[in-house]
Amino acid sequence: MTALGRRPPESGRTTAEIDYVLPLRWHDDAGLAELTGYLRGLARHARIVVVDGSPSPLFERHARLWRGIAEHVRPDDDLTVANGKVAGVLTGMRRARSEHVVIADDDVRYDADALARVHALLGHADLVRPQNHFHPLPWHARWDTARTLLNRGLGADYPGTFGVRRSSFEKMGGYDGDVLFENLELIRTVRAHGGREARPLDLYVRRLPPDTRRFWSQRVRQAYDDLAQPARMAIFLAVLPCVGAALWRRRPELIAAGAAAAVGLAEIGRRRAGGRRVFPATAGLFAPVWVLERATCSWAALAARFALGGVLYAGRRLRVAAHSTRRLRRRALATG
């Protein structure tokens, strides 16, 4: 794949008709030089809006570095939603000018061809859902890639970036910012309003892996997301009791069969839509470990939900993971 800023898409033109909204909130500038280089190349292909909720010293440093590269603003004061990322997205969408907009986390790295393809897909879809992949791949990124492969084996993964049509986003009035799993909330809101979703499994967009400390800090929070998908949550809650029952009955072959099934499903996800180009074969071997991790953290998430009233996110406790499509559809009908 080509890197942004090195050459234009194969069509021979840039994608100036697309806006790029980047919400971020940093507490240190460890990755500032790398992100600045990325934004400088990206600016050749898209108009960039950075919505920066960082503390003042960092915000001012970012403003100096990104002047002339991006429109750099704070989240709008009238947005009082609990999820700061959603406040950033809503602020950025207010400032978008193009009909086609990419929303991306600060660790997402588009190349020119992927950006152009999102732009093309938005010609007939209201929401485009690319596929993220980690690069580089330390051990914990391979571990988390197992989650991606299992999701692909059963359907599609949940990325840290979307393409959206601005007119559709405005028509549905944005989306609820008082939820934890904001990506699922956006997907379901688009569906509730009758929007069309494109899920190209072969549209690969690179993502930088978190450091190890951040990886561990996300375990229970990501398990809490499954409360928005009750059937999925029930499966993970059943894993530990089933493993315990197999050990009690001295049937280790049942555990081995379950582990093999997880690896097999992950490999199916890896092979779909040319995934072997970006997903290493070793990532699927982490699938049983990831399932045990998610099964354990699901009980912790359930305890947080009923004992603490939600899970902590950016200093606030969020109770709702995401609303059901049915509830969002009723809300859409009620508001016309």
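**Close-up views of a predicted model**

A search of the whole structure, a predicted model, finds 28 salt bridges. Side chains of opposite charge can pair when their charged atoms come close. The views below cover some of these pairs, a network, the nonpolar core and a charged patch.

**View 1. Arg165 and Glu99 form a salt bridge.** The closest N and O atoms of Arg165 and Glu99 are 3.3 Å apart. Arg165 lies in strand 8 (residues 161–165), while Glu99 sits in the loop between helix 3 (84–95) and strand 4, so the pair ties together parts that are 66 residues apart in sequence. Arg165 has a relative accessible area of 18%, under the 20% cut-off, so Arg165 counts as buried. Glu99 has 26% and is partly exposed.

**View 2. Asp226 pairs with Arg294 in a salt bridge.** Here the closest N and O atoms are 2.8 Å apart. The pair links distant parts of the chain, 68 residues apart. Asp226 lies in the loop between helix 9 (219–224) and helix 10 (230–248). Arg294 belongs to helix 12 (residues 287–307). Both residues are buried.

**View 3. A salt bridge joins Glu267 and Arg270 within helix 11.** The N to O distance is 3.0 Å. Helix 11 spans residues 252–271. The two residues are three apart, about one turn of the helix. Arg270 is buried, at 9% relative accessibility.

**View 4. Seven residues are linked in a network of salt bridges: Asp19, Arg47, Glu71, Asp76, Asp78, Arg94 and Arg95.** Asp19 falls within strand 1 (18–24). Arg47 falls within strand 2 (47–52). Arg94 and Arg95 fall within helix 3 (84–95).

**View 5. The largest nonpolar core has 31 residues.** Tyr20, Leu39 and Tyr110 have the most contacts inside this core. At least two core residues come from each of these elements: strand 1 (18–24), helix 1 (32–42), strand 2 (47–52), helix 2 (56–66), strand 4 (100–104) and helix 4 (112–121). Helix 1 supplies the largest share, five residues.

**View 6. Four arginines form a positive surface patch.** They are Arg326, Arg327, Arg329 and Arg330. Arg326 lies in helix 13, which covers residues 325–334. The relative accessible area of Arg326 is 63%, over the 50% cut-off, so Arg326 counts as exposed.

Methods
Residues numbered from 1 in each chain as written. Predicted model: local features only at pLDDT ≥ 70, side-chain atom pairs only at ≥ 80, totals over all residues. Heavy atoms only, no water. Patch = residues over 30% accessible without salt bridge, like charges linked within 9 Å, V, L, I, M, F, W, Y side chains within 5 Å. Areas by Shrake-Rupley, 256 points an atom, 1.4 Å probe, with all protein chains shown as cover. Salt bridge = Lys/Arg side-chain N within 4 Å of Asp/Glu carboxyl O. Lys, Arg positive; Asp, Glu negative; His and termini not counted. Charge placed at Lys NZ, Arg CZ, Asp CG, Glu CD. Helix = DSSP H or I, 4+ residues; strand = E, 2+ residues; numbered from the N terminus. Buried < 20%, exposed > 50% of the residue type's maximum accessible area, 1.4 Å probe, protein only. Core = buried A, V, L, I, M, F, W, Y, C linked by side-chain atoms within 4.5 Å.
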